[in-house]
Structures are given as C-alpha cells and as structure tokens.
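Thanks for coming. I will go through one structure, strand by strand and then helix by helix. Please have a look at it before I start.

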Amino acid sequence: MKLKNRVLVITGGASGLGQATARYMVSEKGAKVALLDLNEAAGTATVEELGEENAIFCQTDVTSEESIDVAIAAIMDKFGAIHMNVNAAGIPLPCKILDREGKASSLAKYAMVINVNLMGVFNVMAKCAEQMAKNEPDQKGERGVIVNVSSGAAYEGQIGQSAYSGSKAGVNGMNIPAARELGPWVSV
Ligand SMILES: NC(=O)c1ccc[n+]([C@@H]2O[C@H](COP(=O)([O-])OP(=O)(O)OC[C@H]3O[C@@H](n4cnc5c(N)ncnc54)[C@H](O)[C@@H]3O)[C@@H](O)[C@H]2O)c1
C-alpha cells in the first residue's frame with residue numbers, strides 16, 4: 001500500500017513503539033497519523049512535534065468502546081478516512097498467581113491486563129476495519145492494513161507474566177482468524 005497521505009491510527013501513539021511509528025510514518029512516508037492514548041500531555045506534545053496538518057491526538061481508553069467511537073469520529077472528521085491501524089497500546093503489569101504468603105492473586109489485575117492488551121486490540125481493530133471496508137481498493141486491491149503488536153512473551157513469559165503473556169498469546173491467536181475474516185477488505 002502507498003503510504004503518502006494515507007491515514008494511520010496508532011494506539012499507544014504517545015510513547016515508545018507507537019510514537020516512534022508515528023514519527024517514522026510522518027517524516028519518512030508522508031502519512032497522516034492519529035494517536036490514540038491515555039496520556040494527553042505526551043500525545044499533544046507529539047502532535048505539536050509532527051504538525052497539526054499531519055497528526056491528531058485523541059485521548060482514548062482502548063478498553064472503552066465509547067471512547068474509541070469518539071476518537072474514530074474525530075479522525076473521520078479531520079482526515080476523512082482510515083487506511084492503517086497499528087495497535088501498540090499495552091501494559092506490562094506484573095501479576096503473580098500466588099503472593100508471598102501463598103494467597104491467590106485477585107482477578108482484577110489479570111483482567112486489567114487482558115482488557116487493555118487483548119480486548120483493546122480487538123476493540124480498535126474492529127472499529128478501524130469498519131471504516132477501512134468503505135475505502136476504494138488501491139491498485140493492489142487493498143483497502144487497509146492492520147498490525148497488532150504482540151511480544152516474545154506470548155511464547156516464553158517470565159515469572160509474573162501470566163497475564164501479560166496470556167494477553168499477547170491471545171493477540172497471536174486472534175490474528176489469523178482476523179486476517180481470514182477481514183482479508184476480503186483489509187490485510188491483518
Ligand atoms: N518495550 C518492550 O520491550 C516490548 C517488548 C515486546 C512487546 N512490546 C509491546 O509493544 C507495545 C508498545 O510497547 P512500548 O514499550 O512502546 O510501551 P509504552 O509503555 O512506551 O507505550 C504504551 C502506551 O500505551 C498507552 N496505554 C496504556 N493503556 C492504555 C489504554 N487503556 N488506552 C490507550 N492507551 C493506553 C500508554 O499511555 C503508553 O503511552 C506494547 O503492546 C508492548 O506490550 C514491548
């Protein structure tokens with residue numbers, strides 16, 4: 001897919017891998033980027049750096065469907081389409097199964113990690129795919145591209161990573177059925 005002037009939605013776009021992707025795609029490829037992140041200060045600073053004509057920040061919680069809907073509406077309003085989606089928002093919160101006293105961990109921490117790292121990816125992927133499916137196919141027949149960020153911990157997590165590794169293994173497991181389902185419209 002040609003990247004110039006195409007619109008990329010990046011979750012976790014205010015920091016780390018997501019932010020680096022935004023910088024690269026704007027400065028090297030001439031793409032437009034939408035940064036979806038909880039961190040407003042870092043998100044707005046990144047937009048200032050990239051230029052308001054190239055970037056938009058939407059303070060978004062990827063675990064909230066409503067929050068994503070608001071972001072998608074703002075992106076469509078500003079750029080008129082969505083062509084790419086990189087899902088990089090993630091939390092590495094450690095979550096041991098038993099604490100030092102041998103007491104079982106509460107489910108809340110585990111659920112939070114799964115909610116952000118796995119359900120958040122599904123949430124944003126689905127909303128972006130809905131918009132991509134409306135795009136005119138390019139010369140290669142593509143309407144969009146989705147990249148879901150996983151981790152080596154999906155295969156070989158450390159002690160305390162049962163939640164993180166489980167969430168990333170979930171992303172890996174989701175990718176092939178997502179590609180099969182969305183293939184007629186987009187690439188995953
Ligand atoms: N850093 C590593 O060594 C490493 C290794 C393998 C995989 N990864 C994965 O790569 C991705 C990016 O990692 P990173 O190190 O750049 O992370 P990072 O911590 O620098 O950035 C993650 C961003 O996600 C945002 N975020 C967290 N919860 C959110 C939510 N509910 N809604 C919206 N945004 C939210 C944070 O505010 C932050 O800006 C993650 O999915 C991570 O699991 C990282």
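One term first: I call a residue buried if 20 or more other C-beta atoms lie within 10 Å of its own, exposed if 12 or fewer do, and partly exposed in between, with C-beta atoms placed from the backbone. Helices and strands are DSSP runs, H or I of at least four residues for a helix and E of at least two for a strand, numbered from the N terminus.

Two notes on the source. This is a predicted model, in which local features need pLDDT of at least 70 and side-chain atom pairs count only at pLDDT 80 or more, while totals for chains, interfaces and linings use all residues. Residues are numbered from 1 along each chain as its sequence is written.

Now the strands, beginning with β4, residues 84-87. Which residues of β4 are buried? M84 and V86 on one side, and N85 and N87 on the other, are all buried, and both faces of β4 are covered.

Strand pairing is next; two strands pair if DSSP finds at least two bridges between them. β4 runs parallel to β1 and is joined to β1 by four bridges. In that pairing, L8 stands opposite M84 of β4. β4 also runs parallel to β5, again with four bridges. There, V86 has V147 in β5 as its bridge partner.

β5 covers residues 145-148. One face of β5, with I146 and N148, is covered, and the other, with V145 and V147, is uncovered.

β2, residues 32-37, pairs with β3 in the parallel sense over five bridges. L35 stands opposite F57 in β3. β3 takes in residues 55-59 and is mostly covered, with four of its five residues buried.

What about the connections? A crossover is called right-handed if, with the strands pointing away from the viewer, the path from the first strand over the helix to the second runs clockwise. By that rule, β2, helix α2 (residues 40-50) and β3 form a right-handed β-α-β unit. β4, α4 and β5 form a right-handed β-α-β unit as well.

On to the helices. S67 belongs to helix α3, residues 65-79. S67 counts as partly exposed because 17 other C-beta atoms lie within 10 Å. S67 and L36 are 31 residues apart along the chain, and their C-alpha atoms are separated by 9.8 Å.

In helix α4 we find V121. V121 has 28 other C-beta atoms within 10 Å, so V121 is buried. From V121 to G173 it is 52 residues in sequence and 12 Å in space, C-alpha to C-alpha.

Helix α5 runs over residues 162-182. How far apart are the end C-alpha atoms of α5? The expected span of a helix is 1.5 Å times one less than its number of residues. For the 21 residues of α5 that gives 30 Å, and the end C-alpha atoms are 29 Å apart, which agrees.

α5 has a kink of about 30 degrees at N175, shortly before the proline P177. The bend at a residue is the angle between axes fitted to the seven residues ending there and the seven starting there.

Buried residues in α5 include A163, Y164, S165 and S167. A169 is also in α5, but A169 is partly exposed, because 17 C-beta neighbours lie inside 10 Å.

One residue outside the helices: N5, in the segment before β1 (7-11). The phi of N5 is near 65 degrees, a positive value in a residue other than glycine. Most residues other than glycine have a negative phi. N5 has 13 other C-beta atoms within 10 Å and is therefore partly exposed.

Last, the ligand. A residue is near a molecule if its C-beta atom, placed from the backbone, lies within 6 Å of it. The ligand is surrounded by 23 residues, and the closest are G12, S15, G16, G90 and S151.

Which helix gives the most to the shell around the ligand? That is α1, with three residues. α1 (16-27) and α4 (107-132) each supply at least two residues of this shell.

By class, the shell holds 10 nonpolar, 11 polar and two charged residues. Nonpolar here means Ala, Val, Leu, Ile, Met, Phe, Trp, Tyr, Cys and Pro, charged means Asp, Glu, Lys and Arg, and the others, Gly among them, are polar.
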